[in-house]
Amino acid sequence: MTKFISIEGIARRYPGKSAGDTTTIFEDLWLSLDRGEFGCIIGHSGCGKTTVLNILAGLDAPSEGAVIVDGKEVVGTSLDRAVIFQSHALLPWRTVLGNVSFAVKSKWPSWSSAKIAEHARKFIELVGLAGSEHKRPSELSGGMKQRVGIARALSITPKMLLMDEPFSALDALTRGTLQDEVRRICLETGQTSFMITHDVDEAIFLADKIFLMTNGPGAVLAEIIQNPLPKERSRIDLHKHPHYYPVRNHIVDFLVTRSRTFLTTNPAHDTRDVPVISPGQPGQAPDEDEGPAIRLVANARS
Amino acid sequence: MTASLNVRAVLLSAVILIVFLACWHFATRGTGVAATMDPEYAKLMGGQVTQGASAMPGPLEVGKQLWKHLANPFYDNGPNDKGLGIQLAYSIGRVLLGYSLAVIVAIPLGFIIGMSPLISRAVDPFIQVLKPISPLAWMPLALYTIKDSATSAIFVIFICAIWPMLINTAFGVASVRKEWVNVARTLEVGPIRRAFTVILPAAAPTILTGMRISIGIAWLVIVAAEMLVGGTGIGYFVWNEWNNLSITNVIIAILMIGVIGMIFDQILGRATRLVTFPE
């Protein structure tokens with residue numbers, strides 16, 4: 001089966017302090033995503049998550065390896081891949097409509113301004129901002145700004161949506177609502193999405209595949225979690241699902257201890273053939289057998 | 001509360017002005033008869049000796065003279081007797097011409113310097129050396145090469161106005177937020193459109209601040225340049241009236257220079273506010 005996104009052995013190195021000395025952020029990263037899938041990278045700061053996303057976006061280039069999207073190697077940026085930035089990155093001198101129209105005009109330069117505005121309005125409505133088209137970003141709350149960022153990214157109807165911790169600057173309530181909306185939009189449009197997050201629950205709720213990275217420098221992809229939760233999950237009763245705690249505990253355990261020790265305890269780790277696990281399913285990693293009650297205690301301690 | 005603050009500020013300004021005018025008036029008024037002398041001789045001597053008046057004109061005298069100038073600002077009675085309006089118009093014309101040339105050169109050049117770290121580093125030493133040169137130091141060189149005093153004055157304005165605009169434009173362009181540039185990059189916005197729709201609006205407040213500093217310097221320099229070059233302009237007027245020993249006219253010229261400078265500054269201040277965006 002051909003993969004829609006295929007990251008093939010990429011590494012990113014920066015020149016070190018002395019000549020000939022290099023710092024490797026991450027190494028030999030192989031991962032792939034099917035069309036319509038939602039992928040999430042989790043890892044500590046410094047493991048190169050943002051760099052991976054920037055490489056996917058074409059804003060950065062890998063030192064080794066290549067990224068193939070839809071059968072073509074990624075060279076530079078493309079209107080096929082939209083980015084939702086952590087800090088929303090709206091142009092403050094433009095209105096909501098102006099910001100979205102800016103993206104629409106970039107994609108379809110020949111459209112009339114009426115058609116551009118109409119198209120932009122459709123997406124402003126999609127993220128629930130109808131009526132705020134003529135406000136400037138400074139007049140919007142953090143959540144509304146990020147909605148504009150989402151509308152801008154979606155308005156160019158990208159083949160792929162890249163999100164760099166899009167909700168980390170928002171308060172918990174706003175974050176929850178926006179997660180719901182992003183999930184709804186992604187499911188409705190069958191959008192292939194790739195997201196970076198620090199938030200374990202966000203990853204479990206949104207992602208089909210969760211990629212766990214070890215600590216940098218010299219980070220590698222340690223495990224891929226195939227999310228065992230059903231596709232029709234809702235944020236409200238997510239935690240009641242029998243597979244929820246096994247997955248959550250597995251990720252938290254990984255982040256707390258194993259992300260640090262993974263490479264020493266697994267010297268035979270093959271970065272090209274990363275184990276795909278699905279905690280909670282029979283015959284998987286041992287930690288799910290302990291049951292949710294015990295793990296809850298462990299979780300609280302961590 | 002802000003309204004009352006404004007009212008109080010205006011009142012205080014008025015009080016300061018009145019106190020200043022009063023001090024000026026009492027410091028320069030005559031002290032009555034200072035010396036007794038033959039009336040024929042006294043007529044020749046003037047008020048300083050006969051009434052003990054100060055050589056410095058008082059505010060009433062300056063006010064009267066100012067009124068005369070304002071009532072008829074554009075008369076022209078030959079090279080050494082032109083209305084204040086004509087002299088100011090010459091100076092403003094020179095400043096605007098030199099300043100416009102500086103804008104045309106400095107902003108595109110600053111854009112290039114700001115966009116390219118290589119060019120920025122390469123030209124930095126030249127800018128650092130050229131920037132602190134007093135604009136008037138260029139005057140002999142300008143007179144020698146251009147061989148025309150009027151054009152030389154404009155050149156001096158150009159050379160003094162260019163640096164703040166160049167440096168601010170380069171700085172503003174170089175410090176446009178990376179995320180905005182990245183937005184443009186991910187949207188595959190071409191370089192020309194990126195320059196006009198992202199970088200220019202983002203750097204506009206810094207560029208306008210540079211332009212505001214420049215117009216201030218240009219207006220400072222034109223007075224000195226016209227004193228050197230002569231012929232017309234408010235700087236020449238000041239020097240000419242000094243040679244006429246008309247301190248009243250010198251004071252009036254100083255006042256007008258201040259007022260015009262303030263108007264220039266206010267116009268650019270408004271323009272800066274127009275392009276400033278809240279974040």
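User: What makes a radius of gyration comparable with a globule rule here?

Analyst: The radius is taken over C-alpha atoms, and the rule is 2.2 Å times the number of residues to the power 0.38. For 279 residues, a compact globule would have a value near 19 Å, but chain B has 25 Å. The C-alpha atoms of chain B fill a box of roughly 90 × 60 × 30 Å along the principal axes.

This is a predicted model: local features need pLDDT of at least 70, side-chain atom pairs count only at pLDDT 80 or more, and totals for chains, interfaces and linings use all residues. Residues are numbered from 1 along each chain as its sequence is written, while chains are lettered from A and ligands numbered from 1 in the order in which they are written.

User: How many helices and strands does chain B have?

Analyst: Chain B has 12 helices and zero strands. Helices (H or I, at least four residues) and strands (E, at least two) are DSSP runs, numbered from the N terminus.

User: What share of chain B counts as buried?

Analyst: The share is 30% of the 279 residues. Buried means 20 or more other C-beta atoms, placed from the backbone, within 10 Å of the residue's own.

User: Which strands of chain A are called edge strands?

Analyst: Two strands pair if DSSP finds at least two bridges between them. The open antiparallel sheet runs S2-S1-S4-S5 in chain A. Strand S2 (22–33) and strand S5 (72–73) of chain A each pair on one side only, and are the edges.

User: How many bridges join S1 to S2(A)?

Analyst: Eight bridges join strand S1 (residues 5–15) of chain A to S2(A), antiparallel. A:Arg12 has A:Phe26 in S2(A) as its bridge partner.

Definitions and conventions:
A residue is buried if 20 or more other C-beta atoms lie within 10 Å of its own, exposed if 12 or fewer, and partly exposed in between; C-beta atoms are placed from the backbone.
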